[in-house]
Amino acid sequence: EVCTLMNNKYSEFLPSMQSAEDLVAQVEGLSSNIDLLKADIENEVQRDLNVSVAEFTKLKQQLERDTLVLSILKKLQEFDTSFEECSTALLEKKYVTAAQQLEQAQKRLSSLESRRGFELKILKALGRELMVQTQNVIYHLGQEWQKLIVWKLPPSKESSSLEAVLLSELHLHTVPPQEEDTAVPSIAAVLQALAVLGELHFKLKGFGQLLLQYILKPLISFPSLEPVTVEQPDVFILRFKFQELALDKSSPMEVFDKIRLVFEVLHKHLLNVPVEQPGEGRKDGTVTLAELLGELLWEELSDCLIQNCLVNSIPTDSSKLEQYKEVIESTAEFEKALKKMQFLKEDTTALLKYACNVNSHFANKKCRDVIMAARRLMTSEIHNTVKITPDSSVAPPELADPGTGGHPKMHSPCSLLPSETVNLGSERRLHQFTLCLPPCRISSSVQQLVELAYHTLREATSSSDLRCVQLFNCVRNVFQLFYEVVPTYHKENLQKLPQLAAIHHNNCMYIAQHLLTLGHQFRDRSPSVLCNEAATFVDLVPGFRKLGVECFLAQMRVQKGEILERLSSARNFSNMDDGENYHAANKAIKQVLHQLKRLGMVWQDVLPVTVYCKAMGTLLNTALAEIVTRIAGLEDISAEDAERLYSLCRIVLEEAPRVFTPLLEEAENKRYQEEVPVYVRKWMTFKKLMIILQANLQEIVDQWADGKGPLAEEFSAAEVKSLIRALFQNTERRAAALAKIK
């Protein structure tokens with residue numbers, strides 16, 4: 001059974017195996033065929049395919065080159081067409097078409113030049129040809145521009161004078177012809193062509209500068225000029241005429257009217273022409289000539305109107321500020337008219353802003369005028385003087401009553417006060433002359449300077465807060481300027497001339513005296529920013545007093561130096577028995593007395609009496625102290641020497657009081673001459689020296705009186721002993737006398 005089962009299985013397996021062997025044989029045959037086919041493809045088909053791809057790539061590149069060449073040829077053809085049409089349009093004076101064709105040609109040429117890796121020598125030639133043609137069109141347009149706008153100007157060297165300006169004329173050949181003439185291009189065509197080529201800006205700029213120089217600025221600068229317009233069939237003429245009855249300065253209203261007339265006629269005949277400016281960012285790319293010219297001119301024209309017209313119209317008195325509203329209204333109307341003509345943009349208000357800011361400009365102008373006036377006064381001659389007395393008209397003004405807040409009266413003399421006292425608001429009263437300088441002379445320029453300060457402060461109190469502060473600070477600046485300018489500007493004269501030094505001293509004291517009360521007088525009328533202890537000039541008082549004192553003391557030092565220098569030639573007052581020595585000493589004393597007399601004359605009626613007497617007393621004291629020191633220092637004085645020294649001292653004693661002449665009236669000077677010992681500290685010492693020169697030993701001992709006598713008040717014991725040894729021989733009497741001098 002097993003064998004039978006195996007045979008059955010074998011008989012079933014054998015056909016299957018046979019079929020599998022057949023399939024293997026077929027597969028091997030197919031694989032062989034595939035290998036043969038693959039070999040054929042690799043050897044023949046792949047080679048043919050590579051050749052085809054190479055041919056396709058080559059054909060594609062050739063197509064691209066042909067396409068590019070065709071495109072370039074098309075651009076060149078378009079360039080040539082534009083160039084030819086431009087030439088044709090130029091011959092027919094169709095300037096807009098010519099300009100547009102040039103613009104198209106330039107775009108096409110730029111497109112060709114922008115291609116990388118593709119350069120043609122012909123492009124450079126075409127560029128040169130295009131530039132030549134562009135300049136040719138611009139030249140023709142320039143010729144047309146010159147025909148449209150003709151300037152008749154004076155010689156360049158004389159262009160700024162009134163006579164030359166009267167010769168200036170502007171001719172506009174922009175009036176449309178009566179009959180249609182196609183040969184004559186319209187102004188719009190010329191302007192549009194210039195705009196297309198980018199030349200309109202330069203043409204307008206040149207026209208604007210000529211318009212400013214020969215039309216607009218002369219109308220602003222010369223009030224006697226009047227614009228005249230003449231309209232003829234083929235030309236419009238703008239010229240000037242001379243107005244006989246013209247003021248020195250035109251009002252802003254008159255200037256605005258003249259400028260507006262010029263712009264109105266220019267707008268009618270030229271500036272209202274629209275041109276297309278695509279790059280300007282305007283609606284529809286259209287703009288009028290007036291807008292373009294306004295952008296070029298307005299900044300310079302507005303500056304000129306402000307500096308040469310509006311600045312001059314700023315009032316110098318606050319009472320006239322109310323009248324300035326007319327100028328503001330006229331300025332607004334002027335700007336409105338220019339905006340209507342499109343010369344100005346709607347947001348342009350430079351002139352109106354300046355005019356409306358009149359308060360600030362008024363204060364600035366007022367301050368500038370005050371400073372300039374003050375500087376002129378400071379640099380004027382000092383020796384032109386006026387007399388100051390407590391009841392004179394240049395004495396300090398009446399103070400405002402603090403209780404009433406009243407306004408101070410300007411330049412009100414003290415003598416005009418209702419009584420001899422000023423009420424201080426309490427039981428105490430001040431005399432009316434308390435704050436007045438003693439009689440003296442000051443420079444008339446300083447008087448005017450102080451009056452200028454009062455006038456400015458009075459105007460400040462009636463002004464706005466801001467203007468008030470400006471004017472108040474301006475007055476402070478005036479006095480600070482005086483402190484800096486006068487000592488420097490007049491330095492040489494103040495050092496050389498004693499009278500000017502005295503006048504300058506008085507000037508400084510006069511200003512300082514006013515500064516004490518200047519702020520108080522205006523405090524109650526000042527705005528709140530100044531009324532609370534701020535409106536004061538008291539801090540300047542010490543500086544001015546010091547300035548005057550230092551100048552006068554410097555002059556005193558100079559005079560002292562001259563006195564000592566003259567006395568140094570007296571040969572120490574020794575050996576007066578020698579004729580030459582006596583002559584030298586006598587000459588020195590007379591020179592000193594002459595110097596003092598000269599000073600007494602130049603300071604007479606200039607310095608206050610007390611200052612005069614103190615100054616003369618100080619100088620005389622210097623001379624006497626030097627004489628006393630020299631004589632007291634002598635080691636040997638003979639009887640003849642003593643006699644001659646006494647005679648010299650007697651000359652001084654008799655002549656010195658006569659140098660005290662503070663007043664013009666001789667009779668009134670005797671009082672001060674009698675008071676010489678009050679002002680000359682060494683006067684009594686000098687007189688005691690004269691007594692010693694004439695006294696004997698006993699008289700000297702009696703004058704000493706054991707250190708309690710009059711001689712002891714002026715000399716020390718050592719000085720008296722030295723004089724005794726010099727005057728008297730060495731004897732027992734002299735020794736006894738010396739023993740009593742203790």
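**Exercise 1. Work out how α20 and α23 sit against each other: which hand does their crossing have, and which residues meet?**

Solution. Start with the hand: α20 and α23 cross in a left-handed way. Keep in mind that we're working on a predicted model here. Next, the geometry: α20 covers residues 639-655 and α23 covers residues 683-694, and the two pack at an angle of about 150 degrees with axes 9 Å apart. Angles over 145 degrees count as roughly antiparallel, so α20 is roughly antiparallel to α23.

Now the residues. From α20 come Ala-642, Glu-643, Leu-645, Tyr-646, Cys-649, Arg-650, Val-652 and Leu-653, and they meet Trp-683, Phe-686, Lys-687, Met-690, Leu-693 and Gln-694 of α23. Sort that contact by type and you get 10 nonpolar, 1 polar and 3 charged residues.

**Exercise 2. Do the same for α12 and α13: at what angle do they pack, and what kinds of residue make up the contact?**

Solution. Helix α12 (residues 444-461) and helix α13 (residues 465-489) have axes 8 Å apart, at an angle of about 165 degrees. With the cut-off for roughly antiparallel at over 145 degrees, α12 therefore runs roughly antiparallel to α13. The crossing is left-handed.

On the α12 side, the contact uses Val-446, Leu-449, Ala-453, Thr-456, Leu-457, Glu-459 and Ala-460; on the α13 side, Cys-468, Leu-471, Phe-472, Val-475, Val-478, Phe-479 and Phe-482. The tally for α12 with α13 is 12 nonpolar, 1 polar and 1 charged.

**Exercise 3. Is Ser-443 buried or exposed, and what does it touch?**

Solution. First place the residue: Ser-443 belongs to strand β10, residues 440-443. Its relative accessible area is 1%. Buried means under 20%, so Ser-443 counts as buried. Then list its partners, skipping neighbours within four places in sequence: Ser-443 is in contact with Ile-382, Asn-384, Thr-385, Ile-503 and Asn-507.

**Exercise 4. Find your way around the largest nonpolar core: which residues touch the most other members, and which helix gives the most?**

Solution. This core has 81 residues, and those touching the most other members are Ile-149, Leu-200, Phe-207, Leu-211, Ile-215, Leu-216 and Phe-263. The top contributor is helix α8 (residues 289-313), with 13 residues. Another core, of 71 residues, lies apart from it and includes Ala-502, Leu-619, Ala-623 and Ala-632.

To finish, zoom in on Phe-263. Leaving out neighbours within four places in sequence, Phe-263 contacts Leu-216, Leu-271, Leu-301, Leu-338, Met-341 and Phe-343.

Note on methods:
Residues are numbered from 1 along each chain as its sequence is written. This is a predicted model: local features need pLDDT of at least 70, side-chain atom pairs count only at pLDDT 80 or more; totals for chains, interfaces and linings use all residues. Side-chain values use heavy atoms; hydrogens and water are left out. Helices (H or I, at least four residues) and strands (E, at least two) are DSSP runs, numbered from the N terminus. Buried means under 20% relative accessible area, exposed over 50%, partly exposed in between (1.4 Å probe, protein chains only). Contact means heavy atoms within 4.5 Å. A nonpolar core is a set of buried Ala, Val, Leu, Ile, Met, Phe, Trp, Tyr and Cys residues joined through side-chain atoms within 4.5 Å. Axes are lines fitted to C-alpha atoms, for helices over the stretch in contact, and angles run from 0 to 180 degrees between N-to-C directions. Angles under 35 degrees count as roughly parallel, over 145 as roughly antiparallel, 65 to 115 as roughly perpendicular and the rest as oblique. A crossing is left-handed if the near helix is turned anticlockwise from the far one by less than a right angle, and right-handed if clockwise. Ala, Val, Leu, Ile, Met, Phe, Trp, Tyr, Cys and Pro count as nonpolar, Asp, Glu, Lys and Arg as charged, and the others, Gly among them, as polar.
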